[in-house]
Amino acid sequence: MLLERGIEVLNVEVVGDAYAIASNYLRKSGALPDNFATNERLLGIIVKLFQRGEMNRLRLANKAIAKFEAETLVVA
């Protein structure tokens with residue numbers, strides 16, 4: 001499904017699947033709390049990577065996980 005946001009067009013399915021993969025991994029690793037609230041920081045990372053041209057949901061999730069963990073280590 002495509003969702004038009006101004007000039008941008010997001011494939012919600014790819015972004016949603018990548019978020020589900022990444023958030024599941026991060027919850028199991030303890031980097032995210034065990035709740036069902038959407039983590040805006042993780043979602044933002046995924047959307048930015050998608051907008052830069054990454055369309056593969058597994059690669060998108062893996063890159064988002066790496067970036068999220070790297071930012072978490074720098075902040076902590």
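Here are some exercises with worked solutions on the predicted model shown above.

**Exercise 1. Getting your bearings**

Work out how many helices and strands the protein chain has, and in what pattern they come.

*Solution.* Start with the count: the secondary structure comes to three helices and two strands. Next, read along the sequence, and you get the pattern β-β-α-α-α. Now put numbers on the helices: H1 covers residues 12-29 and H3 covers residues 57-75, while H2 takes in residues 40-51. For a feel of how the chain packs, note that it has 76 residues, 29% of which count as buried. Finally, take the contacts between residues at least 6 apart in sequence: 50% of them join residues at least 24 apart.

**Exercise 2. A walk along H1**

Find out how far H1 reaches, which of its residues are buried, and what follows it.

*Solution.* Step one is the span. H1 has 18 residues, and going from its first C-alpha to its last takes you 25 Å. At 1.5 Å a residue you'd expect 26 Å, so the helix comes close to that value. Step two is burial. The buried residues of H1 are Val14, Val15, Ala18, Tyr19, Ala22, Ser23, Leu26 and Arg27. Step three is the end of the helix: Gly30 follows H1, and its phi is positive, near 90°.

**Exercise 3. From H1 to H3 by charge**

Asp17 forms a salt bridge; find its partner and say what the pair ties together.

*Solution.* First, look for the partner. Asp17 pairs with Arg57, and their closest N and O atoms are 2.8 Å apart. Then place both ends: Asp17 lies in H1 and Arg57 in H3, so the salt bridge ties together parts that are 40 residues apart in sequence. Now check the surroundings. Buried would need under 20% relative accessible area, and exposed over 50%. Asp17 comes out at 30%, so it counts as partly exposed. Arg57 has 33%, which makes it partly exposed too.

There's a third member to bring in. Salt bridges that share partners join Glu13, Asp17 and Arg57 into one network. Glu13 is found in H1, and it is partly exposed with a relative accessible area of 47%. The C-alpha atoms of Glu13 and Arg57 are separated by 9.0 Å, although the two residues are 44 apart along the chain.

**Exercise 4. Glu71 and its partners**

The structure holds six salt bridges. Trace the ones that Glu71 forms with Arg41 and with Lys67, and say where each partner lies.

*Solution.* Take Arg41 to begin with. The closest N and O atoms of Glu71 and Arg41 are 3.6 Å apart. This pair links distant parts of the chain, with Glu71 in H3 and Arg41 in H2, 30 residues apart. Now turn to Lys67, where the closest N and O atoms are 3.5 Å from each other. Here both residues sit in H3, four residues apart, or about one turn of the helix. As for accessibility, Glu71 is partly exposed at 27%, Arg41 is partly exposed at 38%, and Lys67 is partly exposed with 38% as well.

**Exercise 5. Phe68 and the core**

Describe what surrounds Phe68, and find which elements give two or more residues to the largest nonpolar core.

*Solution.* Begin with the core. It has 18 residues, and those with the most contacts inside it are Ala22, Leu26, Leu42, Ile46, Leu60, Ala64 and Phe68. The elements giving it two or more residues are H1, H2 and H3. Next, list the neighbours of Phe68. Leaving out residues up to four places away in sequence, Phe68 touches Leu26, Ala31, Leu32, Asn39, Arg41, Leu42 and Ile45. Pick out Arg41 from that list: its charged end sits over the ring of Phe68, 4.0 Å from the ring centre. As a last check, search for aromatic pairs in the whole structure, and you find zero.

**Exercise 6. Leu43 in H2**

Decide whether Leu43 is buried, partly exposed or exposed, and name what it touches.

*Solution.* Leu43 lies in H2. Its relative accessibility is 26%, so it counts as partly exposed. Beyond residues up to four places away in sequence, Leu43 touches Val15, Tyr19 and Thr38. To round off, compare positions: the C-alpha atoms of Leu43 and Ala64, 21 residues apart along the chain, are separated by 8.7 Å.

Note on methods. Residues are numbered from 1 along each chain as its sequence is written. This is a predicted model: local features need pLDDT of at least 70, side-chain atom pairs count only at pLDDT 80 or more; totals for chains, interfaces and linings use all residues. Side-chain values use heavy atoms; hydrogens and water are left out. A salt bridge is a side-chain nitrogen of Lys or Arg within 4 Å of a carboxyl oxygen of Asp or Glu. Buried means under 20% relative accessible area, exposed over 50%, partly exposed in between (1.4 Å probe, protein chains only). Rings of Phe, Tyr and Trp (its six-membered ring) pair if their centres lie within 6.5 Å; planes under 30 degrees apart count as stacked, over 60 as edge-to-face and the rest as tilted. A charge sits over a ring if NZ of Lys or CZ of Arg is within 6 Å of the ring centre and within 35 degrees of the ring normal. A nonpolar core is a set of buried Ala, Val, Leu, Ile, Met, Phe, Trp, Tyr and Cys residues joined through side-chain atoms within 4.5 Å. Contact means heavy atoms within 4.5 Å.
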